[in-house]
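Q: Hello! I would like a close look at one part of this model: the links its side chains make. Please take them in turn and tell me where they sit.

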Amino acid sequence: QVQLVESGGGSVQAGGSLRLSCAASGYTYGNYYMTWFRQAPGKEREGVAVIYTGSGRTYYRDSVKGRFTVSQDSPKNTLYLQMNSLKPEDAATYYCAADQPGPRTLWIGAFDVSRYKYWGQGTQVTVSS
């Protein structure tokens, strides 16, 4: 059984930083996407940053490029999201998700919620102006 557990959320002022963590257990074989999504109240869940575990390559939504960094610690099976220069519009519940190993064209559909089978419970990020 795959489990994803996020931590590291909190409340910061605009311009501040947070680092989110996602501990994965249950499977580590193969190459797959591990992705951070977020969902603000009344809005759809949106992809923020994804890492392809096989190569370590990363991909970001435009609004976080240059501010957020996704990384993985493979021995620890942990995914991170370093968030700098936070803005009030970054406030949301952040989720990590993992899809299943298989062939793909990198980044096509990477932010498609429906491709992800495994989800964490979410961690809240609040940014005050």
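A: A residue is called buried when its relative accessible area is under 20%, exposed when it is over 50%, and partly exposed in between. By that scale D99 is buried, because its relative accessibility is 1%. Please keep in mind that this is a predicted model.

D99 is a good place to begin, as it has a charged partner. R104 forms a salt bridge with D99, and the closest N and O atoms of the two are 2.7 Å apart. Salt bridges with shared partners also join R38, E46, R61, R67 and D90 into one network. Over the whole structure, the search finds 7 salt bridges.

Let us step into that network through two of its members. E46 and R61 meet through their side chains in a salt bridge, with 3.5 Å from N to O. E46 belongs to strand β5 (residues 46–52), whereas R61 is in the loop between β6 (58–60) and β7 (68–73), so this pair ties together parts that are 15 residues apart in sequence. Both ends have some access to the surroundings: E46 is partly exposed at a relative accessible area of 27%, and R61 is also partly exposed, at 23%.

Another charged pair involves K65 and D62, whose closest N and O atoms lie 3.0 Å apart in a salt bridge. Here D62 counts as exposed, with 62% relative accessibility, while K65 is partly exposed at 48%. Set D62 beside D99 and you have two acidic partners in contrasting settings, since D62 is exposed and D99 is buried. As for the chemistry, side chains of opposite charge can pair when their charged atoms come close.

Now for the covalent link. The structure holds 1 disulfide, which joins C22 to C96 with 2.0 Å from S to S. The torsion about this S-S bond is about 55°, so the disulfide is right-handed. C22 is in strand β3 and C96 in strand β9 (residues 92–98), so the disulfide ties together parts that are 74 residues apart in sequence. Both C22 and C96 are buried.

S21 helps to fill in the setting on the β3 side. This serine lies in strand β3, which covers residues 18–25, and S21 is buried because its relative accessible area is 16%, under the 20% limit. Leaving aside residues up to four places away in sequence, S21 touches V5, E6, S7, W36, T78, L79 and Y80.

Strand β3 in turn is part of an open sheet of 4 strands, in the order β1-β3-β8-β7, with antiparallel pairing. Its edge strands are β1 (3–7) and β7, each of which pairs on one side only. On average, neighbouring strands of this sheet are turned by 15° against each other, direction ignored. At the β7 edge, 6 bridges join β7 to strand β8 (residues 78–83), and these two strands run antiparallel. One of the partnerships there is that of F68 with M83 in β8.

Put together, the picture has a buried disulfide pair, C22 and C96, a charged network that includes E46 and R61, and a four-strand sheet that contains β3.

Terms used. Residues numbered from 1 in each chain as written. Predicted model: local features only at pLDDT ≥ 70, side-chain atom pairs only at ≥ 80, totals over all residues. Heavy atoms only, no water. Salt bridge = Lys/Arg side-chain N within 4 Å of Asp/Glu carboxyl O. Buried < 20%, exposed > 50% of the residue type's maximum accessible area, 1.4 Å probe, protein only. Contact = heavy atoms within 4.5 Å. Disulfide = S-S within 2.5 Å. Pairing = 2+ DSSP bridges. Axes fitted to C-alpha atoms, helices over the stretch in contact; angles between N-to-C directions.
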